[in-house]
Amino acid sequence: MGTLKVLILVMILGCFEPIADGLGVNWGTLASHPLPSKAVVQLLKDNGIKKVKLFDADSGPMNALAGSGLEVMVAIPNNLLGVMTDYAMAKKWVNRNVTGYNFNGGVNIKYVAVGNEPFLSSYNGSFLNVTLPALQNIQKALNEAGVGSTIKATVPLNADVYEGDVPSAGKFRTDISDLMTQIVTFLNQSGAPFMVNIYPFLSLYDSATFPFEYAFFDNNGSTVTDNGIVYTNVFDANFDTLVSALKTINFGSMEIIVGEVGWPTDGDINAKAANAQRFYAGLMKKLAANTGTPLRSNQYIEMYLFGLIDEDAKTVAPGNFERHWGVLKYDGQPKFNMDLTGQGRSVTLVPAKGVEYQPKTWCLLNPKAQNNMTALTNNINYACTYADCTSLGYGSTCNGLDSSGNASYAFNAYFQVQSQIDGSCNFDGLATVTTQDPSTNGCNFTIQIVLDDSFGLRVTVPVQVVLLHVLVSVFLVMVW
């Protein structure tokens with residue numbers, strides 16, 4: 001090959017820097033209008049992402065993943081943990097959702113996630129007695145199916161299962177210490193990793209006194225010194241607290257995978273695209289350098305970013321930011337610059353291709369409608385009960401709208417969730433359709449994507465009206 005050809009080849013290959021093999025993403029589907037599964041799989045491949053973590057074993061994503069070569073973690077939701085304590089049911093689940101895809105051109109399943117953060121304090125112990133038996137039964141079923149040597153069952157756990165004022169003082173939470181010892185012992189015996197979800201954003205969200213800079217890898221502020229080790233960011237401190245907790249039960253060298261890590265872009269005063277971009281830039285640089293953490297230095301940490309795409313039908317019980325964790329918007333378009341190679345290049349993720357949108361029609365408050373405050377309040381509450389209004393909350397992207405803008409945003413959100421069907425922009429005569437985009441700088445009035453044929457209209461109806469809806473209504477009454 002001539003010298004010129006070699007130089008050209010090197011230049012071409014240099015444009016496609018590989019991302020780390022240990023980097024994956026969480027693919028959640030709690031959206032009113034999910035992107036078509038095949039489009040998501042192509043999106044993953046276009047961005048060089050080789051690992052994906054699911055929150056169930058839904059046939060739509062699974063069928064799309066077949067033949068892709070992507071490494072997959074399927075999951076058993078918390079509400080099925082009790083069912084899995086029956087070995088016959090666990091065996092059926094494995095046969096259907098694991099070995100059923102184990103064929104040439106099938107799905108490359110690596111892990112089965114048994115539950116998701118089942119020991120959260122907010123669950124009040126609901127899953128304490130069923131998680132370990134479910135884990136044991138699933139691994140037993142995998143073994144009996146002949147795939148247990150390559151497919152491992154584990155439990156994604158929240159970082160609240162351990163505690164410690166400094167990393168070296170890490171220990172498992174007192175109320176679940178014995179249970180955690182049993183689970184870790186079983187994971188070690190089966191050759192499965194410990195999986196933990198670490199969220200620096202939540203450290204900031206949960207404490208008004210938490211130092212802002214300490215949440216980021218390029219911290220310019222507070223540090224923590226522990227036995228001569230200087231911790232410059234909360235991720236490293238959190239991870240090493242877990243390492244210490246494992247050491248206290250004699251499993252200090254156990255493999256740890258970070259099942260979820262990320263930063264939301266809306267729904268809270270600190271949930272901004274700029275903060276997310278900064279956080280991910282630091283994280284990717286850290287991964288590229290294989291720096292590890294002080295107690296696990298010079299090691300690559302396998303992790304799954306949370307999440308891939310925004311989910312407008314997630315519960316907002318933890319906070320309005322829950323629907324905005326995606327590094328991509330609801331339609332698979334990038335939110336900010338992000339270089340998965342960790343080189344800090346000014347690039348974005350490759351967007352989803354072939355996305356079909358609803359017509360460019362919006363639903364707004366009719367300026368000619370009579371101002372019946374009771375009817376207006378009731379209709380806004382109704383709209384925000386069935387659609388996502390979290391961007392209207394304090395510190396969010398659309399918080400600066402006036403009262404008319406708030407009403408229009410709510411009406412349009414509902415109109416789009418209903419796929420713009422006839423009658424969905426009425427609201428007792430208070431609304432009207434328009435073809436002029438009402439979006440403002442920073443506040444986007446969504447045009448939804450066309451609902452894929454493989455999905456039904458997937459709108460989650462909350463048990464209670466979210467506090468945000470009440471606050472919006474009160475605000476409207478005050479300023480109308």
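These legends go with a set of close-up views of a predicted model.

**Figure 1. The whole protein, before we zoom in.**
Start with the parts list: the protein has 12 helices and 17 strands. Its radius of gyration is 24 Å, close to the 23 Å that the globule rule gives for 480 residues, so the protein is as compact as a globular protein of that length. Measure along the principal axes and the C-alpha atoms fill a box of roughly 70 × 70 × 50 Å. Buried residues make up 54% of the 480. As for how the chain meets itself, take the contacts with a separation of 6 or more: 72% of them come from residues 24 or more positions apart. On the outside, the protein exposes about 21100 Å², and carbon and sulfur atoms supply 52% of that. There are 29 positive and 39 negative charges, and the mean positions of the two sets are 7 Å apart.

**Figure 2. The largest nonpolar core, seen around Ile-138.**
This core holds 110 residues, and Ile-138 and Phe-172 are the ones that touch the most other members. Helix α8 (residues 234–248) gives the largest share, eight residues. Looking at Ile-138 and skipping anything up to four places away in sequence, you'll find it touching Ile-76, Met-84, Ala-90 and Trp-93, along with Val-94, Val-112, Val-114 and Ala-153. Apart from this core lies another one, of 30 residues, with Leu-364, Ala-387, Cys-398 and Phe-445 among them.

**Figure 3. Thr-241, a buried threonine in helix α8.**
Thr-241 lies in helix α8, the helix that supplies eight residues to the core of 110. Its relative accessible area is 8%, so Thr-241 is buried. What does Thr-241 contact once its neighbours within four places in sequence are left aside? The list runs Tyr-162, Glu-163, Gly-164, Val-166, Pro-167 and Gly-170.

**Figure 4. Gly-24 in strand β1, with partners from far along the sequence.**
Gly-24 sits in strand β1 (residues 23–26). With a relative accessible area of 0%, this glycine is buried. Gly-24 and Tyr-304 are 280 residues apart in sequence, yet their C-alpha atoms are 4.3 Å apart in space. Leaving out residues up to four places away in sequence, Gly-24 touches Met-303, Tyr-304 and Leu-305, and also Ile-49 and Lys-51.

**Figure 5. Ala-407 in helix α11.**
Here the view moves to Ala-407, a residue of helix α11, which spans 403–417. Is Ala-407 buried or exposed? At 0% relative accessible area, Ala-407 is buried. Set aside the neighbours within four places in sequence, and Ala-407 is in contact with Leu-365, Leu-376 and Ile-380. Ala-431 is 24 residues from Ala-407 in sequence, and the two are 9.1 Å apart in space, C-alpha to C-alpha.

**Figure 6. Two non-glycine residues with positive phi, Asn-298 and Phe-427.**
Neither of these is a glycine, but Asn-298 has a positive phi of about 55° and Phe-427 has one of about 50°. Asn-298 is in the loop between β14 (296–297) and β15. Phe-427 is in the loop between α11 (403–417) and β17 (431–434). Which is buried and which is exposed? Asn-298 has 67% relative accessibility, over the 50% cut-off, so it counts as exposed. Phe-427 has 8%, under the 20% cut-off, so it counts as buried.

**Figure 7. A cis peptide bond at Phe-306 and Gly-307.**
The bond joining Phe-306 and Gly-307 is a cis peptide bond, with omega at about -5°. Where does Gly-307 sit? Look in the loop between β15 (303–305) and β16 (362–365).

**Figure 8. Asn-219, a buried loop residue.**
Asn-219 belongs to the loop between α7 (200–206) and β10 (224–226). Despite that loop address, Asn-219 counts as buried, at 14% relative accessibility. Not counting residues up to four places away in sequence, Asn-219 touches Glu-213, Tyr-214, Thr-232 and Arg-278.

Key:
Residues are numbered from 1 along each chain as its sequence is written. This is a predicted model: local features need pLDDT of at least 70, side-chain atom pairs count only at pLDDT 80 or more; totals for chains, interfaces and linings use all residues. Side-chain values use heavy atoms; hydrogens and water are left out. A nonpolar core is a set of buried Ala, Val, Leu, Ile, Met, Phe, Trp, Tyr and Cys residues joined through side-chain atoms within 4.5 Å. Buried means under 20% relative accessible area, exposed over 50%, partly exposed in between (1.4 Å probe, protein chains only). Helices (H or I, at least four residues) and strands (E, at least two) are DSSP runs, numbered from the N terminus. Contact means heavy atoms within 4.5 Å. The radius of gyration is taken over C-alpha atoms; the globule rule is 2.2 Å times the number of residues to the power 0.38. Accessible areas come from the Shrake-Rupley method with a 1.4 Å probe; for residues, only the protein chains shown count as cover. Lys and Arg count as positive and Asp and Glu as negative; His and the chain ends are not counted. The place of a charge is taken as NZ of Lys, CZ of Arg, CG of Asp or CD of Glu.
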